[in-house]
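Please open the model in your viewer and keep the selection tool at hand, since this tour moves from one selection to the next and says at each stop what is there.

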Amino acid sequence: IGKGLLWGVLFCGVMYRLARHDQPVALFFARGIVLGLVVTLAVVLWERSIFGGLSSLASDYRITGPFSSMHNGGAYIECFFTLAVPFVIFLQDSSKARGAKLFGVGLLLLTTYALMLTYSRNGYLAFSVATLLAFATTALGAQGRHKLYRSGAILLLGCAMGAVAIP
C-alpha cells in the first residue's frame, strides 16, 4: 500500500511541474495510457495465439496479459481495459489526422476482442458503461453540424464493437 502511495505522490509532483510549465498534461497522460494499452494488447494477442488460437471461440483459456498477479484470479486486466478506453476515445477525438483516428478505431476493436477473452461478466459491464460514457461525452461536446457527424461515427463504431463482442 505504501509503494502505491509513493508512486501516486511522485506522479502528482510530475503532473504539477508539467502544468506549471504550460505543458499539455492531459495529452501526455492519455498517450501514456494508450501506449500501455498497445503493449498489453500485443502481449494478449501473442498469448492467445499460442494457447488458444486467435479465431478459436471454443477455447476457454482466460488471458492474463502482462499482469503477473492474474494467476491468482482477479480483475486487473479487465479493469485496465475499462480504464484505457476513454483515453483512446479522447485521443481519437482530439486528433485531426485521419490515420490517428483509424488507429484509434483499430485499438478500440482490438480492446473489445481482448476484453471478451477475459470471460468476465463484470468486466463486460464496466467496459460497456465506460465506453458509453466516453462516447456520450464526445458526442455532447461536439458543436453545430459536427454533432451529427460525430453521433453517426460513434453509432457506427459502437455497432462494430458489438459485432466484435457478440461471437
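Select Phe11, Phe29 and Phe87 together and show their side chains: in this predicted model, ring pairs link these three residues into a cluster. The structure as a whole holds four aromatic pairs, and two of them can be followed here, one after the other.

Begin with Phe11 and Phe29, whose rings form a tilted pair, with 5.3 Å from centre to centre and 55 degrees between the planes. Now colour the helices to which they belong: Phe11 lies in α1 (residues 2–20) and Phe29 in α2 (residues 25–51), so this pair ties together parts that are 18 residues apart in sequence. If you switch on the surface, are these two rings buried or exposed? Phe11 has a relative accessibility of 38%, and because this value falls between the limits of 20% and 50%, Phe11 counts as partly exposed. Phe29, with a relative accessible area of 31%, is partly exposed as well.

Keep Phe29 selected and turn to Phe87, with which Phe29 forms an edge-to-face pair, at 5.3 Å from centre to centre and with 75 degrees between the planes. This pair links distant parts of the chain, since Phe29 sits in helix α2 and Phe87 in helix α3, 58 residues apart.

Next, select α4, which runs from residue 98 to residue 116. How far apart should the ends of α4 be, given its 19 residues at 1.5 Å a residue? The expected span is 27 Å, because the rise is multiplied by one less than the number of residues, and the end C-alpha atoms of α4 are indeed 27 Å apart, which agrees. Within α4, colour the buried residues, among them Gly104, Leu107, Leu108 and the run from Thr111 through Thr112, Tyr113, Ala114 and Leu115 to Met116.

Finally, look for the largest pocket, which has a volume of about 740 Å³. To find its centre, select Gln92, Lys101, Tyr149, Arg150 and Ala153, which lie nearest to that point among the 21 lining residues. Helices α3 (76–94), α4 (98–116), α5 (121–140) and α6 (146–165) each supply at least two residues of this lining, and the largest share, eight residues, comes from α6. If you colour the lining of the largest pocket by class, you should find 11 nonpolar, five polar and five charged residues.

Terms used
Residues are numbered from 1 along each chain as its sequence is written. This is a predicted model: local features need pLDDT of at least 70, side-chain atom pairs count only at pLDDT 80 or more; totals for chains, interfaces and linings use all residues. Side-chain values use heavy atoms; hydrogens and water are left out. On a 1 Å grid over the protein atoms alone, a cavity is a set of points where a 1.4 Å probe fits but cannot get out, and a pocket is an open set with protein on both sides within 12 Å along at least five of seven lines; lining residues have an atom within 4 Å of a point. Grid points are joined across faces, edges and corners, and a volume is the space filled by probe spheres set on the points. Helices (H or I, at least four residues) and strands (E, at least two) are DSSP runs, numbered from the N terminus. Ala, Val, Leu, Ile, Met, Phe, Trp, Tyr, Cys and Pro count as nonpolar, Asp, Glu, Lys and Arg as charged, and the others, Gly among them, as polar. Buried means under 20% relative accessible area, exposed over 50%, partly exposed in between (1.4 Å probe, protein chains only). Rings of Phe, Tyr and Trp (its six-membered ring) pair if their centres lie within 6.5 Å; planes under 30 degrees apart count as stacked, over 60 as edge-to-face and the rest as tilted.
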